[in-house]
Amino acid sequence: MAGSDAALAKLLELDGEVLASYFSELTGRLAALADPSPARILDLGSGPGTGTLALARRFPAAHVTAVDISAQMLHRLSEQALAHGVADRITTVEANIDESWAEFSRGGPYDLIWAAAFMHHVADPARTFARAFERLNPGGRIAVTEMDFFPLYLPEDTGVGRPGLEARLHAATNTRPPHEWTDHLRDAGFTLRERRPFDIRLDATQAGPSLNTYAQGSLAKLRSHATEVLAEDDLAALDVLLDEEQPHSVARRDDLTVRTTRTTWIARRP
Ligand SMILES: C[S@@+](CC[C@H](N)C(=O)[O-])C[C@H]1O[C@@H](n2cnc3c(N)ncnc32)[C@H](O)[C@@H]1O
């Protein structure tokens, strides 16, 4: 697997593991809204399959078509599908969603389309929402989620450098406005059922044993964007926290938490 895809796949899998309660709540919400239960599901920009597997688990009679541009992500997804005993209900399609949809349209029409942390990648969101609308059965739903910002993990005072480091890191690296898809959904013909920020607050016990690895990977990714924008002393403190040999390191701490929000839109094709 190419280095950057491998690192991203790992981080996305850890995200799925640590935030399992969020995925479960969201797919539960979709199940409560769907009548009958969806039989055909399309996962756009599936990555290594966090959402694909959560959907396959939630809807045990459904077939899920997972589309991604990265063969490596899909390979990982297939391995996970086998390990979880759902490989017979998952089809992977390697395709660029900005180009032809012919190959993965064959698995439709769909009852549910899922796009997690993906819509902001497409070249033309209006066209992508319109194509999704066309591939859904009447009454079918689309669920779009976005990570509003990378989670926060650290206490105010980490014991290294000045207090408030993580807030400054976020302020310096997270400068884009949040993604907003409400108008796109309406313009494509969807009826918006709900737009909801999921407020996620997990302590170490709720987050589970992968929390340290997840926080380490996530903060290392932010660190790679921070070189030009964070003060020298904060960069030095962050490097100490990311050094697994150090006593205060993120990898060893027992005072990490997860604080973030994910905005989700659920809409229906009339
Ligand atoms: C941030 S990841 C999200 C993955 C997954 N949905 C999740 O929530 O874990 C975005 C994914 O979109 C894929 N991607 C980006 N642009 C794409 C495109 N034009 N066509 C298909 N997949 C694309 C990437 O390869 C990556 O796996």
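**Exercise 1. Is Ala-117 buried, partly exposed or exposed?** Locate the residue and describe its backbone as well.

*Solution.* The structure is a predicted model, and every value below is computed from it.
Step 1: Ala-117 belongs to the loop between E4 and helix H6 (125-135).
Step 2: The relative accessibility of Ala-117 is 33%. Buried means under 20% and exposed over 50%, so Ala-117 counts as partly exposed at its 33%.
Step 3: The phi angle of Ala-117 is positive, about 50 degrees, although this residue is not a glycine.

**Exercise 2. Which residues are closest to the ligand, and how many surround it?** Describe the surroundings of the ligand by residue class and by pocket.

*Solution.*
Step 1: The ligand is surrounded by 16 residues, and the closest are Gly-45, Asp-68, Asn-96, Ile-97 and Ala-116.
Step 2: Sorted by class, the shell comprises eight nonpolar, six polar and two charged residues.
Step 3: The site that holds the ligand is the largest pocket.

**Exercise 3. Examine the nitrogen atoms of the ligand and state how the protein approaches them.**

*Solution.*
Step 1: For Gly-45, a polar backbone atom is 2.7 Å from a nitrogen atom of the ligand.
Step 2: For Asn-96, the side chain supplies the polar atom, at 2.9 Å from a ligand nitrogen.
Step 3: For Ala-116, a backbone N or O atom is found 2.8 Å from a nitrogen atom of the ligand.
Step 4: On its own, the ligand has 600 Å² of accessible area, and the protein covers 88% of it.

**Exercise 4. Where do Pro-36 and Pro-109 lie?** Characterise the peptide bond that precedes each proline.

*Solution.*
Step 1: Pro-36 is placed in the loop between helix H2 (20-33) and strand E1 (40-44).
Step 2: The bond from Asp-35 to Pro-36 is a cis peptide bond with omega near 5 degrees.
Step 3: Pro-109 lies in the loop between helix H5 (102-105) and strand E4 (110-116).
Step 4: Gly-108 and Pro-109 are joined by a cis peptide bond, and omega is about 0 degrees.

**Exercise 5. Is Thr-128 buried or exposed?** Identify its helix and a contact of its side chain.

*Solution.*
Step 1: Thr-128 is part of helix H6.
Step 2: The relative accessibility of Thr-128 is 1%, so this residue counts as buried.
Step 3: A polar atom of the Thr-128 side chain lies 3.0 Å from the backbone oxygen of Asp-124.

**Exercise 6. How many residues separate Glu-146 from Met-119 in sequence?** Give their spatial distance and the setting of Glu-146.

*Solution.*
Step 1: Glu-146 is located in strand E5 (residues 136-147).
Step 2: With a relative accessible area of 1%, Glu-146 is buried.
Step 3: The separation between Glu-146 and Met-119 is 27 residues in sequence, and their C-alpha atoms are 8.0 Å apart.

**Exercise 7. Classify Asp-5 and Thr-92 by accessibility, and relate each to a partner residue in space.**

*Solution.*
Step 1: Asp-5 sits in helix H1 (residues 3-18). The relative accessibility of Asp-5 is 19%, and it therefore counts as buried, since the limit for that class is under 20%.
Step 2: Asp-5 and Ser-249 are separated by 244 residues in sequence and by 25 Å from C-alpha to C-alpha.
Step 3: Thr-92 sits in strand E3 (residues 90-94). The relative accessibility of Thr-92 is 30%, so Thr-92 counts as partly exposed.
Step 4: Thr-92 and Phe-23 are 69 residues apart in sequence, with 21 Å between their C-alpha atoms.

Methods:
Residues are numbered from 1 along each chain as its sequence is written. This is a predicted model: local features need pLDDT of at least 70, side-chain atom pairs count only at pLDDT 80 or more; totals for chains, interfaces and linings use all residues. Side-chain values use heavy atoms; hydrogens and water are left out. A residue is near a molecule or strand if one of its heavy atoms lies within 4 Å of it. A polar contact is a pair of N or O atoms within 3.5 Å; within protein, one must be able to donate a hydrogen and the other to accept it, and residues adjacent in sequence count only if both atoms are side-chain atoms. Accessible areas come from the Shrake-Rupley method with a 1.4 Å probe; for residues, only the protein chains shown count as cover. On a 1 Å grid over the protein atoms alone, a cavity is a set of points where a 1.4 Å probe fits but cannot get out, and a pocket is an open set with protein on both sides within 12 Å along at least five of seven lines; lining residues have an atom within 4 Å of a point. A molecule sits in a cavity or pocket if more than half of its atoms lie within 2 Å of its grid points. Ala, Val, Leu, Ile, Met, Phe, Trp, Tyr, Cys and Pro count as nonpolar, Asp, Glu, Lys and Arg as charged, and the others, Gly among them, as polar. Helices (H or I, at least four residues) and strands (E, at least two) are DSSP runs, numbered from the N terminus. Buried means under 20% relative accessible area, exposed over 50%, partly exposed in between (1.4 Å probe, protein chains only).
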